[in-house]
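The following exercises are to be worked through with the sequence and the coordinates at hand. Each task is followed by a solution in steps.

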Amino acid sequence: MTNNKQEKATAEILRENLKGTEKGQVYDPTYLKKVKEGLDSWKENVVKPDALKNWDAIPLTVLGSEIPREMVYTPLSVANNDYGEQLGNPGEEPFTRGIHSNMYRGRTFTQRQLVGFGGPEDTNQRIKYLLNHGATGINLLFDMPTIQMYDCDDPMATGSVGSCGVSVNHVKDWELLYDGIDIAKETSSIVTHYPSNSACLFPMYLVMAEKKGIPWDQLKGSIQNDMTLEELVRNSSEYIPPKDCFRIECDNIEFIRKNVPKWNFITINGYNFREFGTSGVTEMAVAAAHGMAILDEMVRRGYEVDWVAERLAFFWSGGMDFFEEVCRLRAMRRLWYRILKYKYKAKNDRSTWMRCHLQTSGISLVREEPYNNIIRSSYEALAAVLGGVQSLHVDSYDEAISVPSEEASLISLRTQQIIEHETGITSVVDPLGGSYYVEALTNEMEERILAEISEIEKQGGYVEAIANGYLSRKIFNYMTKEQMRIEKGEIKIVGHNFQKSGQGEDFESFRYPEECEEIQLQRLHEHKQNRENAKVEQALNELRGACKDGKNIMEYTVNCSRVGCTVGEQWKVFKEVFGLWKKPSMF
Amino acid sequence: MENKIIKVLMCCLGPETHNRGIILVSSILKEEGMEVVYMGNTTAENAIKAATEEDVRVIGVSSLSGAHLRTGKHLLELAKQKGLDNDIAFIIGGVIPPNDVKSLKDMGFHNVCVSGTKREELVAAIQEAAYSVV
């Protein structure tokens with residue numbers, strides 16, 4: 001693992017490389033002087049003194065960054081913006097305006113609604129329902145026990161099987177989950193969350209593909225495989241040490257890059273981290289620092305930067321501050337390009353692309369008057385599309401109350417379809433580009449993200465900033481401050497702390513089929529009786545050895561899947577070999 | 001009763017992944033002067049065991065994934081079995097549908113604090129629960 005302490009800060013590298021690259025000024029300097037004179041006179045003669053005094057205002061929004069905004073933006077706000085350097089044409093460096101030249105005219109955003117509840121057959125039906133209604137991708141969420149790597153017969157799982165996701169324990173569950181779904185055609189985002197469970201769950205998908213006779217190189221989709229989730233965001237009584245978790249993450253990346261070449265081996269997660277409690281700036285800074293840690297480690301393992309970078313993808317949360325959301329997507333595209341180009345000397349354009357999926361914010365939704373949540377999610381989704389995302393999930397209006405009902409899931413999908421087909425916004429690439437405000441805020445966001453990257457580097461880099469508790473403290477401070485702002489009504493949430501009506505208390509919510517727990521227990525019991533337990537023992541022993549010897553873990557977890565090991569059995573091996581880590585306390 | 005002598009055990013039953021709620025509520029209760037035993041994820045068995053050892057008055061359960069009826073019932077049944085249901089008061093909170101609030105109260109939860117519950121309401125709910133087992 002590289003220690004960024006001894007290295008030049010990323011911000012420093014970018015500063016040196018960007019010096020003297022200016023291509024030309026968009027505005028004529030003489031004319032700008034006139035604009036300035038006009039603006040000064042307008043301020044003096046037209047704008048009321050009170051308005052002038054409050055020229056800068058800070059929008060207070062859920063998950064916002066509290067960047068001050070001027071009352072109005074003019075050419076002077078972006079006087080130094082060099083079109084070629086700061087924007088470029090769409091599909092050209094620095095990709096501020098989008099990674100493709102024709103963006104949604106060529107390929108629209110993938111409409112990938114999260115799905116998962118109950119047993120495999122319950123979720124199988126909901127997947128088919130969404131695909132039949134025009135969803136263009138699968139986005140699979142596991143139940144709490146599966147995510148936390150407890151089999152359904154573990155005491156920790158009692159009562160939680162099938163809650164908030166689908167229960168899968170072994171390959172046979174996967175076969176039921178994907179029954180009648182063509183995995184050579186449909187792409188799947190498999191929301192495994194952590195590196196440790198990605199190492200156990202993704203091989204089950206691969207073994208299922210083998211059984212269906214589909215070669216691995218035809219499989220398309222993504223897994224999450226993100227250490228931020230396992231070590232920072234996750235709620236658990238058992239953590240393995242960050243360095244081992246990071247090693248598993250990189251083992252997964254290495255194995256998948258070699259063997260499943262079209263698969264996105266990580267979705268660098270900002271979403272859950274931000275939803276936990278942080279601004280859109282910190283979300284992106286941590287994700288960028290994480291991306292760099294991966295590149296450093298893979299280079300250390302002897303791989304080319306491009307080989308890894310061209311398949312890196314990000315996952316963002318979409319908050320309520322509309323323009324900030326648009327601008328930070330544009331800013332991050334530019335920044336990621338610059339990091340890859342100047343720090344990592346990437347050769348392929350694709351390696352420098354900030355490709356991303358975005359999910360509208362769940363934490364911004366409230367229980368009161370729940371239909372208002374449709375409006376919140378719609379604006380968040382609109383900002384995402386204006387910001388140029390590749391893939392989108394819109395949260396459902398009932399998510400502050402329960403797992404989404406079929407009706408609510410359909411409205412989320414319809415929200416995406418209405419944006420795409422009815423509003424006309426997809427016909428022009430980067431339609432907000434060139435707005436004085438949008439460009440000024442994009443610049444500001446980029447600077448702030450880079451400044452927070454420097455903070456993380458001062459901590460010794462991404463892994464260390466988790467291990468030493470720096471990021472935990474940062475989240476806690478943000479979370480409690482935001483809570484106070486909501487309590488005091490400084491952040492206004494309509495129907496919740498402002499304009500309250502008391503409606504929504506009789507809301508009929510979706511209930512997942514709780515009886516799936518008995519079905520899954522029975523199924524697991526039969527599975528354990530029918531498999532060859534000697535082979536299971538051997539595969540787990542070999543996995544144990546690989547963990548100790550530093551061999552690529554996924555080589556061994558694939559074999560575990562083949563012989564019928566469960567997720568829980570493999571997690572036990574990780575805990576045993578790596579030991580448990582005490583996560584720094586938040587408060 | 002003064003807040004400083006109220007001792008609350010805060011936990012999530014089973015593998016709940018969401019923790020913004022339990023962290024915020026725990027920090028609010030601490031700010032309000034209560035003693036918080038932060039247990040995080042645990043089984044019903046271990047929560048009861050720890051509550052006895054730590055001599056807490058109130059167990060607060062945070063649930064956001066929809067499993068509250070099952071996990072909640074299991075916890076209360078266990079407390080009853082051990083004869084602790086009159087010594088400890090139980091409170092549950094989180095993402096809980098309106099229709100389940102009554103079911104949980106009928107089951108034996110002293111109060112149900114759904115997501116978005118205000119600080120004063122939270123504190124009052126815990127105080128009331130603590131009083132009920134004095």
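A residue is buried if 20 or more other C-beta atoms lie within 10 Å of its own, exposed if 12 or fewer, and partly exposed in between, with C-beta atoms placed from the backbone. The model is predicted: local features need pLDDT of at least 70, side-chain atom pairs count only at pLDDT 80 or more, and totals for chains, interfaces and linings use all residues. Residues are numbered from 1 along each chain as its sequence is written, and chains are lettered from A and ligands numbered from 1 in the order in which they are written.

**Exercise 1. Unusual backbone geometry in chain A**

Task: Determine whether Met103(A) is buried or exposed, and state where Met103(A) lies.

Solution. Step 1: Met103(A) is placed in the loop between helix 4 and strand 1 of chain A; helices (H or I, at least four residues) and strands (E, at least two) are DSSP runs, numbered from the N terminus. Step 2: Met103(A) is buried because it has 23 C-beta neighbours inside 10 Å. Step 3: Met103(A) is not a glycine, yet its phi is positive, about 40 degrees. Most residues other than glycine have a negative phi, and most peptide bonds are trans. Step 4: The loop between helix 4 and strand 1 (110-111) of chain A also holds Pro94(A), and the peptide bond from Glu93(A) to Pro94(A) is cis, with omega near 0 degrees.

Task: Classify the burial of Asp430(A).

Solution. Step 1: Asp430(A) belongs to the loop between helix 16 (406-421) and helix 17 (436-458) of chain A. Step 2: Asp430(A) has 19 other C-beta atoms within 10 Å, so it is partly exposed. Step 3: Although not a glycine, Asp430(A) has a positive phi of about 45 degrees.

**Exercise 2. Two residues compared by environment**

Task: State which residues Ala57(A) touches and which residues Ile22(B) touches, beyond four places in sequence.

Solution. Step 1: Two residues are in contact if their C-beta atoms, placed from the backbone, lie within 7 Å. Step 2: Ala57(A), in the loop between helix 3 (49-53) and helix 4 (83-87) of chain A, touches Pro68(A) and Arg69(A) when residues up to four places away in sequence are not counted. Ala57(A) counts as exposed because it has 10 C-beta neighbours inside 10 Å. Step 3: Ile22(B), in helix 1 of chain B, is in contact with Met10(B), Cys12(B) and Ser62(B), leaving aside neighbours within four places in sequence. Ile22(B) counts as buried because it has 25 C-beta neighbours inside 10 Å.

**Exercise 3. A helix pair in chain A**

Task: Describe how helix 21 and helix 22 of chain A are arranged.

Solution. Step 1: Two packed helices are described by the angle between their axes and the distance between the axes. Axes are lines fitted to C-alpha atoms, for helices over the stretch in contact, and angles run from 0 to 180 degrees between N-to-C directions. Step 2: The axes of helix 21 (residues 533-549) and helix 22 (residues 553-563) of chain A come within 9 Å and cross at roughly 170 degrees. Step 3: Helix 21 of chain A is therefore roughly antiparallel to helix 22 of chain A, given that angles under 35 degrees count as roughly parallel, over 145 as roughly antiparallel, 65 to 115 as roughly perpendicular and the rest as oblique. Step 4: Among the contributors are Val536(A) and Leu543(A) of helix 21 and Tyr556(A) and Cys560(A) of helix 22 of chain A. Step 5: By class, the contact has 10 nonpolar, 2 polar and 3 charged residues; Ala, Val, Leu, Ile, Met, Phe, Trp, Tyr, Cys and Pro count as nonpolar, Asp, Glu, Lys and Arg as charged, and the others, Gly among them, as polar.

**Exercise 4. The side of chain B that touches chain A**

Task: State how many residues of each chain are in contact, and which element of chain B gives the most.

Solution. Step 1: In chain B, 31 residues are in contact with 39 residues of chain A. Step 2: Helix 1 of chain B gives the most to this side, with 4 residues. Step 3: The residues of this side of chain B divide into 10 nonpolar, 16 polar and 5 charged.

**Exercise 5. Chain B as a whole**

Task: Give the order of helices and strands in chain B.

Solution. Step 1: Chain B has 5 helices and 5 strands. Step 2: Along the sequence, the pattern is β-α-β-α-β-α-β-α-β-α. Step 3: Buried residues make up 52% of the 134 residues in chain B.
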